[in-house]
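Work through the exercises below with the sequence and the structure at hand. Try each task before reading its solution.

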Amino acid sequence: MSAATDPVHDGGTPATAGAGGGRRVPPERAAGSTTAHDLAVRHRLLLALTALLTLSLFLSYEGVHGDADPLRTSSAPAVLSLDTALYALGQAEADAGAATPTSDFQKQISVAAQSVAAAAGDDAGGPSAQQALQTVAALITVYAVKVQQAQQQPTGSVLREAYLSYATSILADPGSGILPRLKVLQAQRRAAVHRQTSFGPLLWCGWAATLLLALALVCALLETQLFLRRRFRRRYNRGLLGAGALLLAGLAVTLLFTVWTHTGMTDTRRLLDRPLSGRELNHAGRATAAYLADTGLRAAAAGWILIGGILVMALTETGLRRHIDEYRFRPR
């Protein structure tokens with residue numbers, strides 16, 4: 001059969017041998033085949049979608065998990081410490097009027113001082129909060145001294161009442177007392193917990209965009225697989241199948257991790273959204289630790305999103321590169 005009448009086996013068949021043994025362009029290509037162009041378009045589309053999805057998923061994932069560790073290590077412990085200090089000072093105030101110094105009063109003052117120191121050690125709220133907590137710690141010491149001085153005076157004496165009145169003003173004065181200062185700091189820490197656990201409009205938009213990009217990439221991978229099957233008579237493309245499997249597995253894991261972390265953060269916010277006292281404080285500490293367990297480990301998985309995106313792009317490149325190279329026209 002002559003070169004002019006040699007049939008084309010398939011729309012994706014590369015250059016065939018001519019009568020003289022050299023390579024020549026298939027008749028289909030001479031007639032204006034679009035296979036090379038179609039491959040290039042799909043190649044660029046898949047790589048672009050993968051890059052956009054990787055970036056969107058990384059930012060959305062970080063938007064949730066980035067606040068989990070500060071909540072676990074700083075904000076939540078600070079709220080519990082301040083609640084403990086407020087409760088202990090309330091108990092100490094009830095014992096302040098005793099005729100003689102009591103061990104319960106000293107115990108509650110010690111608990112309050114340790115709790116304020118713990119809140120300061122959590123480094124929550126920045127320098128202004130640290131300074132305010134240092135002032136509160138100093139005022140607690142002054143309050144304890146004045147109560148002890150009052151208890152050393154005879155019952156009913158003027159000096160005893162003067163010491164107690166001064167101690168009460170240090171504790172509860174609306175402008176500068178210990179309790180109002182602690183309540184202001186507590187409100188600030190609860191506001192920080194709300195900010196860290198909120199799933200605002202930006203996060204909703206980020207995750208919506210991520211899911212749409214994931215759907216678009218899955219559809220593009222499927223369409224490309226079907227395109228290759230039609231043009232090259234190959235049932236499966238291992239590179240594209242691997243990219244699709246990795247994409248679906250990675251997306252499922254990140255969604256599951258995000259749901260777990262956000263649920264724990266929401267439960268923590270609900271638990272800390274009201275003043276706690278007594279045994280509730282011990283229960284809240286254990287519950288918060290359970291709610292936020294493993295959030296640091298899940299937050300560290302953000303780096304694997306970038307690695308996974310690179311792997312998906314590499315698998316896509318591997319799956320298409322052979323066909324692109326086969327169909328690229330090379331002049332003699």
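Three exercises on this predicted model follow.

**Exercise 1.** Find the helix that holds S75, decide whether S75 is buried or exposed, and list what S75 touches beyond its neighbours up to four places away in sequence.

Solution. Start with the helix: S75 belongs to α3, which covers residues 68–95. Next, take the relative accessibility, which is 4% for S75. Buried means under 20%, so S75 counts as buried. Then look for partners: S75 touches P70, A192, V193 and Q196. Of these, V193 is 118 residues away from S75 in sequence, yet their C-alpha atoms are 6.2 Å apart. With Q196, the side chain of S75 forms a polar contact of 2.9 Å.

**Exercise 2.** Compare the expected span of helix α5 with the distance between its end C-alpha atoms, then state which helices its buried residues pack against.

Solution. Helix α5 runs over residues 126–151 and has 26 residues. The expected span is 1.5 Å times one less than the number of residues, so α5 should span 38 Å. Its end C-alpha atoms are 38 Å apart, which agrees. Now turn to the buried residues of α5, among them L133, V136, I140 and Y143. The buried residues pack against α3, α4 (103–121), α6 (158–172) and α7 (178–197).

**Exercise 3.** Describe how α3 and α9 are arranged and which residues make their contact.

Solution. The axes of α3 and α9 (residues 238–272) come within 11 Å and cross at roughly 10 degrees. Angles under 35 degrees count as roughly parallel, so α3 is roughly parallel to α9. On α3, the contact uses A68, L71, A76, V79 and L80; on α9, T261, M265, T268 and L272. Sorted by type, these residues give 7 nonpolar, 2 polar and no charged.

Key
Residues are numbered from 1 along each chain as its sequence is written. This is a predicted model: local features need pLDDT of at least 70, side-chain atom pairs count only at pLDDT 80 or more; totals for chains, interfaces and linings use all residues. Side-chain values use heavy atoms; hydrogens and water are left out. Helices (H or I, at least four residues) and strands (E, at least two) are DSSP runs, numbered from the N terminus. Buried means under 20% relative accessible area, exposed over 50%, partly exposed in between (1.4 Å probe, protein chains only). Contact means heavy atoms within 4.5 Å. A polar contact is a pair of N or O atoms within 3.5 Å; within protein, one must be able to donate a hydrogen and the other to accept it, and residues adjacent in sequence count only if both atoms are side-chain atoms. Axes are lines fitted to C-alpha atoms, for helices over the stretch in contact, and angles run from 0 to 180 degrees between N-to-C directions. Angles under 35 degrees count as roughly parallel, over 145 as roughly antiparallel, 65 to 115 as roughly perpendicular and the rest as oblique. Ala, Val, Leu, Ile, Met, Phe, Trp, Tyr, Cys and Pro count as nonpolar, Asp, Glu, Lys and Arg as charged, and the others, Gly among them, as polar.
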